[in-house]
Amino acid sequence: SISVQHVRTERAEGEGGTKVLITSFDDLAGATDLYVLRCCLPRPMSLEKDAHDSVPSPPDMIWETRRTFAQFAELQLLLQRHGGVASATLPPKKPSPFMPVHSEDHEGERERQQGLAAFVTACLRQCTVRQAAILCAFIQAPTALYTLSQSFSHNLSPPRSA
């Protein structure tokens, strides 16, 4: 299964959408935060290199995706329309940038970052075949993985009416 972890937060600035790495939590006020997640799909166990095998097995697939908190909220709504994911909950949205900054806010940001990665992980572990294509698009999965998830989704028969 795909594992997801938060690696950094970036800030989108200006009309050109230039991304700047956020180096401290004080840089977060008033900017559009882009949460950068590293996704990893390990190679299947059957492809693990055998001690007698001279052909190297393919490496794990690793990629990064950048999303705003609003995009995570949109994903949650979209998944709810397609049956939802029971244990996947978004962490709280951060407080207003006009609120005074306290040390507890730094901890809240760390928890939010970890919570967003946990949200995507829970969705990936519990999603239906129909939701897999939505999630693959959200995490910007490699083309081969996205195409595979779409083919599974399209091959399902439509639900029957009672």
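## Buried charge and nonpolar core in a predicted model

Glutamate 109 is buried, at 2% relative accessibility; the term buried denotes under 20% relative accessible area, exposed over 50%, and partly exposed the range in between (1.4 Å probe, protein chains only). Arginine 112 is likewise buried, with a relative accessible area of 6%. The structure is a predicted model, in which local features need pLDDT of at least 70 and side-chain atom pairs count only at pLDDT 80 or more, whereas totals for chains, interfaces and linings use all residues. Residues are numbered from 1 along each chain as its sequence is written, and side-chain values use heavy atoms, with hydrogens and water left out.

**Salt bridges**

A salt bridge requires a side-chain nitrogen of Lys or Arg within 4 Å of a carboxyl oxygen of Asp or Glu. By this rule, the model contains six salt bridges. The table presents three of them, including the pair introduced above.

| Acidic residue | Basic residue | Closest N and O atoms |
|---|---|---|
| Glutamate 10 | Arginine 8 | 3.2 Å |
| Glutamate 64 | Arginine 66 | 3.9 Å |
| Glutamate 109 | Arginine 112 | 2.2 Å |

Both glutamate 109 and arginine 112 belong to helix α2, where three residues, about one turn of the helix, separate them. Helices (H or I, at least four residues) and strands (E, at least two) are DSSP runs numbered from the N terminus. Elsewhere, shared partners link the salt bridges of Arg8, Glu10, Arg38, Glu64 and Arg66 into one network. Within that network, glutamate 10 is buried at 7% relative accessibility, while its partner arginine 8 is partly exposed at 24%. Arginine 66 and glutamate 64 are both partly exposed, with relative accessible areas of 28% and 27%, respectively.

**Nonpolar core**

In soluble globular proteins, nonpolar side chains tend to be buried together. A nonpolar core is here a set of buried Ala, Val, Leu, Ile, Met, Phe, Trp, Tyr and Cys residues joined through side-chain atoms within 4.5 Å. The largest such core has 27 residues, of which Ile2, Val4, Phe72, Phe119, Val120 and Ile139 touch the most other members. At least two core residues come from each of β3 (32–41), α1 (69–81), α2 (103–126) and α3 (129–138). Helix α2 makes the greatest contribution, seven residues.

Isoleucine 139 illustrates the packing in detail. When residues up to four places away in sequence are not counted, isoleucine 139 touches Ile2, Cys39, Trp63, Thr65, Val120 and Leu124, contact being defined as heavy atoms within 4.5 Å. Among these partners, Ile2 and Val120 are also named with Ile139 as residues that touch the most other core members.
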